[in-house]
Amino acid sequence: MYIDPTAGSLVLQFVAAGVLSLLAMFSRVREGAKSFFKSLLPGHHRWTGKP
Amino acid sequence: MDWQAVDGSFRDPSGFVYIRNSTLYRQVNQPFKASFDAFMASGLYDELASAGLLVSHREAPADAAATADACAVLEPERIPFVSYPYEWSFGQLRDAALLTLELQERALKRGFTLRDASAYNIQFRGGRPVFIDTLSFEPRDEGAPWIAYRQFCEHFLVPLLLMSRRDIRCGTLLRSHLEGVPLELGSRLLPRSTWLNPNVLFHVHLHAKAQARYADVALNRPNGRRRVMKRDALLALVGGLRRCIRSLDWSPGGTEWADYVDDNSYSEAAGRSKREIVARALAPLGAGTVWDLGANTGEFSRIARKASSQVVAFDIDPAAVERNYRRVRVEGDTGLLPLVLDLANPSPAQGWAHTERLSLEQRGPADAVLALALVHHLAIGRNLPLERIASFLSRLGRALVTEFVPKDDVQVRRLLRNRADVFPGYSAEGFEEAFGRHFRIHAVHHVAESGRTVYQMTSCHAFA
């Protein structure tokens, strides 16, 4: 590393990474929930717990 | 010492560029050996070089090394004319930014990263940008953020935003800020409406705030745990930057000179006559390189291109240069490079000890200089004495094809319409006397249906 990345720039990237992780987690939870409720409807396979 | 360092490459300790016996070399220093070997073995170099994104090289013999700590010596492909970001049009800077992001994306996918994102790592070859710093790639530490993110924003994103959203002339900030336009300055200069754009808000405004907020903060956690940034998050960051830059546009219209080709004072016969004269003047020169000064959108540059392998087309008007660049991209002309340059204040030697970035003159001489419909703008529009114009042009190229536009020409009358004529020496005789001191005049051609004259000359300057 021969250039200074500056602390603010690094912090901002970690914030971005955190936000992206949260969005990805919400997306997984939402897909899981959708899958679960679909499984309760008649004619659907039993919910396996996997999205 | 039988080699000479290229002074734009000394900041990175991993290696440097030098010239020995007129051959350009890049030395890789011992401490960077593992990274360089990994880069070459990964297939990333082959992928990028074969796609024309990275300049190719061949391995040179070890005895070509400049110093004892060399672990490898490369002989990179040479770029015909070195240009700088402050000489590029909007589209050129935008294409250079997109190339940098594409390289970072491809590198990330192979477990590597760009450890710098300087705009000076890009040159134009064949009408397209190419990355020239082979030593910018290194294996990525798992979980590491992009070290060069701030540099990318300051070298590319901020200038492009300012040019697009504030004023195209903000591009000249790159000339005074060789290490990029500071985020904080960009944030202050951008219109308030840009705070509503999520990408600009994040990459510029919040980035600038974070810089100020964490300026004196060490990021090591007390418990020794390391913050981690996953590769997918980095790819998303690069994707966001790419979307932001792709969304930027600037329309090169409405300036006086960008419309000059369609709206000039020539009759059809005069235009044809001038084109024939210029083509005849350049053909026997066998010029490898031609510099077309005041090239506008490149009409005569394309005539010069038929007689030479490389034409650099300079113009003061960013709109004219942008149009020329877009045309080059469409035509795929690999030997024409449009650049923004004010000849009355040409690119100086600058950077550390005046040596990092070369002046226009230091990048010459060209085999031939074309200066058509230019001298009257310098002499009358910018108050430069004819003798000084002749002196400078004689140092730029070995041959000169230039044009004298008399005072009764509509273009000169336009320059004088609201000012006193304080140019008694501006006449054909004065022109020939001034240029005769620095050139040997070989031929004089009168442009049909016009009072204009085209001169063919050879410089008397003793080039090294």
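How many residues does the contact take from chain A, and how many from chain B? Select both sides and you'll have 16 residues from chain A and 26 residues from chain B. Colour the chain A side by class: the part that touches chain B has 12 nonpolar, 4 polar and no charged residues.

Before moving on, keep in mind that this is a predicted model. The predictor gives the complex an ipTM of 0.80 and a pTM of 0.92. Chain B averages a pLDDT of 94, with 96% of the residues scoring at least 70. The rest of the tour stays in chain B.

**Stop 1: the five-stranded sheet**

Show strands 1 to 5 of chain B as cartoon. These 5 strands form an open sheet with antiparallel pairing, in the order 1-2-3-5-4. At the edges you'll find strand 1 (3–5) and strand 4 (57–59) of chain B, each pairing on one side only. On average, neighbouring strands here are turned by 35 degrees against each other, direction ignored.

Now walk across the sheet from strand 1. Select residues 15–20 of chain B: that's strand 2, joined to strand 1 of chain B by 3 bridges and running antiparallel to it. Pick Gln4(B) and look across to Ile19(B) in strand 2 of chain B, which stands opposite.

Stay on Ile19(B) and look at strand 3 of chain B, where its bridge partner is Leu24(B). Strand 3 covers residues 23–29 of chain B, and 6 bridges join it to strand 2 of chain B, again antiparallel. The two strands make a hairpin with 2 residues between them. Zoom in on the turn and click Asn21(B): its phi is positive, about 50 degrees.

One more step takes you to residues 70–76 of chain B, which are strand 5; 4 bridges join this strand to strand 3 of chain B, antiparallel once more. To see a pair, select Arg26(B) along with Leu74(B), its bridge partner in strand 5 of chain B.

**Stop 2: two crossing helices**

Select residues 90–109 and 318–331 of chain B, which are helix 3 and helix 11. Their axes come within 7 Å and cross at roughly 55 degrees. That angle makes helix 3 of chain B oblique to helix 11 of chain B.

Which residues of helix 3 of chain B meet helix 11 of chain B? Show Phe90(B), Gly91(B) and Gln92(B) as sticks on the helix 3 side, then Pro318(B), Glu322(B), Tyr325(B) and Arg326(B) on the helix 11 side. By class, this contact has 3 nonpolar, 2 polar and 2 charged residues.

**Stop 3: the seven-stranded sheet**

Next, bring up strands 10 to 16 of chain B. Here 7 strands form an open sheet in the order 12-11-10-13-14-16-15, and the pairing is mixed. Strand 12 (336–340) and strand 15 (439–446) of chain B sit at the edges with a single partner strand each, so one side of each has no neighbour in the sheet. Neighbouring strands are turned by 20 degrees against each other on average, direction ignored.

For a closer look, select residues 397–404 and 453–459 of chain B: strand 14 and strand 16, which run antiparallel and are joined by 6 bridges. Thr402(B) stands opposite Tyr455(B) in strand 16 of chain B.

Finally, add the helices. Helix 13 (residues 386–396) of chain B lies across strands 10, 13, 14, 15 and 16 of chain B, at about 145 degrees to strand 13 of chain B. Helix 15 (residues 428–436) of chain B lies across strands 14, 15 and 16 of chain B, running at about 150 degrees to strand 15 of chain B.

Methods: Residues are numbered from 1 along each chain as its sequence is written. Chains are lettered from A and ligands numbered from 1 in the order in which they are written. This is a predicted model: local features need pLDDT of at least 70, side-chain atom pairs count only at pLDDT 80 or more; totals for chains, interfaces and linings use all residues. Two strands pair if DSSP finds at least two bridges between them. Axes are lines fitted to C-alpha atoms, for helices over the stretch in contact, and angles run from 0 to 180 degrees between N-to-C directions. Angles under 35 degrees count as roughly parallel, over 145 as roughly antiparallel, 65 to 115 as roughly perpendicular and the rest as oblique. Two residues are in contact if their C-beta atoms, placed from the backbone, lie within 7 Å. Ala, Val, Leu, Ile, Met, Phe, Trp, Tyr, Cys and Pro count as nonpolar, Asp, Glu, Lys and Arg as charged, and the others, Gly among them, as polar. pLDDT is the predictor's confidence in each residue, from 0 to 100.
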